[in-house]
Amino acid sequence: MREVNNVVVIGATGGSGYNTVQALVKLGYTVTAMSRNASKTFKSPIKAVDGSALDEAPLRVAIAGQDAVIITLGISQNPIGVRLFGAQKTPLNIRSQGTKKVIQVMKSLGVKRLIVQTTYGSGPSKNKLRLLDKLFFDWILKPQVDDTELQDSYVRESQLDWTIVQPVHLTDDDNYHERLFSSSNYEVGQWSVSRTLVGKFNALLVNDNATINETYTLSALPET
């Protein structure tokens with residue numbers, strides 16, 4: 001795999017996406033941020049591309065000339081509201097169909113490196129959840145989890161140089177004493193992790209060839 005210098009983040013204005021963009025900039029990458037309203041959030045030197053991950057035209061603008069793509073798609077709406085009333089601003093299938101569209105565009109443009117942030121409890125880790133989390137996934141998050149399962153399958157079958165990142169419960173707490181625990185065996189430290197740490201991990205993956213075709217669980221280490 002060639003060295004990565006140019007990186008685009010799809011879903012860049014969400015919590016994890018925003019933190020991933022900031023971490024990439026600090027590491028010296030040339031960064032493009034894409035979301036429906038990216039230009040309202042990001043200014044130079046970050047290139048902003050406005051558009052939905054479901055639309056090929058803005059995806060082609062965002063992905064052309066990139067060495068790597070990071071997907072952090074999701075629904076920011078309260079999950080109980082999504083379950084009761086449906087997704088209001090973001091299509092319920094944004095994870096799977098957005099990822100499918102990104103993969104298609106990447107292949108057409110010859111871009112190989114793909115990093116996708118999903119969630120712990122989807123794909124092979126679905127049988128590793130605690131009972132309470134499993135009930136929450138089955139009753140409240142089921143439509144979103146089903147879509148994430150489909151997203152997971154698209155990534156694994158893509159034949160791209162993919163890495164899947166699966167954080168446990170995400171928080172916006174910037175606890176500077178918190179340490180990241182990453183596992184390729186679905187092991188969990190604490191059952192929460194900050195979006196800041198997840199963004200930093202996503203950024204570190206782009207030039208790490210040893211992580212290709214691997215899935216990483218992200219959590220925090222218990223304080224000592």
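Guide: Let's start with a word you'll need: a residue is buried when its relative accessible area is under 20%, exposed when it is over 50%, and partly exposed in between (1.4 Å probe, protein chains only). What you see is a predicted model, where local features need pLDDT of at least 70, side-chain atom pairs count only at pLDDT 80 or more, and totals for chains, interfaces and linings use all residues. Residues are numbered from 1 along each chain as its sequence is written, while side-chain values use heavy atoms and leave out hydrogens and water.

Visitor: How much of the protein is buried?

Guide: Start with the parts: there are seven helices and ten strands, where helices (H or I, at least four residues) and strands (E, at least two) are DSSP runs numbered from the N terminus. The chain has 224 residues, and the buried share of them comes to 48%.

Visitor: What is the order of the strands in the open sheet?

Guide: Strands of a sheet pair through backbone hydrogen bonds, either parallel or antiparallel. Here, two strands pair if DSSP finds at least two bridges between them. The open sheet has eight strands with mixed pairing, and their order is 3-2-1-4-5-6-10-8.

Visitor: Which strands stand at the edges of it?

Guide: Look for strands with a single partner strand, so that one side is left without a neighbour in the sheet. The two that fit are strand 3 and strand 8 (180–183).

Visitor: Strand 8 pairs with strand 10, then; which residue in strand 10 is the bridge partner of Ser183?

Guide: Strand 8 and strand 10 run antiparallel, joined by four bridges. Ser183 has as its bridge partner Thr217.

Visitor: What angle does helix 2 make with strand 3?

Guide: Helix 2 (56–63) packs on the sheet, touching strand 1, strand 2, strand 3 and strand 4; touching, or contact, means heavy atoms within 4.5 Å. For the angle, axes are lines fitted to C-alpha atoms, for helices over the stretch in contact, and angles run from 0 to 180 degrees between N-to-C directions. The directions of helix 2 and strand 3 make about 170°.

Visitor: Which residue in strand 5 stands opposite Ile71?

Guide: Strand 4 pairs in the parallel sense with strand 1 over four bridges, and also with strand 5 (residues 113–117), again parallel over four bridges. On the strand 1 side, Val7 has Ala68 as its bridge partner. On the strand 5 side, Ile71 stands opposite Val116.

Visitor: Which residues of strand 4 point the other way from Ala68 and Ile70?

Guide: Side chains of strand 4 point two ways, and the four named here are all buried. Ala68 and Ile70 take one way, and the other way go Val69 and Ile71.

Visitor: Which helix gives the most to the largest nonpolar core?

Guide: A nonpolar core is a set of buried Ala, Val, Leu, Ile, Met, Phe, Trp, Tyr and Cys residues joined through side-chain atoms within 4.5 Å. The largest has 30 residues, and those touching the most other members include Val7, Phe42 and Ile70. Among the elements giving two or more residues are strand 1 (6–10), helix 1 (15–26) and helix 7 (195–205). The top giver, with five residues, is helix 7.

Visitor: How does the ring pair of Tyr18 and Phe42 count: stacked, edge-to-face or tilted?

Guide: Rings of Phe, Tyr and Trp (its six-membered ring) pair if their centres lie within 6.5 Å; planes under 30 degrees apart count as stacked, over 60 as edge-to-face and the rest as tilted. The whole structure has three such aromatic pairs. With centres 5.7 Å apart and planes at 25°, the pair of Tyr18 and Phe42 is stacked.

Visitor: Is Phe42 buried or exposed?

Guide: Tyr18, its ring partner, has 36% relative accessibility, so Tyr18 counts as partly exposed. Phe42 has 3%, so Phe42 counts as buried.

Visitor: How far is the backbone oxygen of Gly11 from a polar side-chain atom of Thr72?

Guide: Thr72 sits in the loop between strand 4 and helix 3 (79–85), and Thr72 is buried because its relative accessible area is 11%. A polar contact is a pair of N or O atoms within 3.5 Å; within protein, one must be able to donate a hydrogen and the other to accept it, and residues adjacent in sequence count only if both atoms are side-chain atoms. Here the distance is 2.9 Å.

Visitor: Which residue's side chain makes a polar contact with the side chain of Gln66?

Guide: Gln66 lies in the loop between helix 2 and strand 4, and Gln66 is buried, with a relative accessible area of 6%. At 3.0 Å, its side-chain partner is Thr32.
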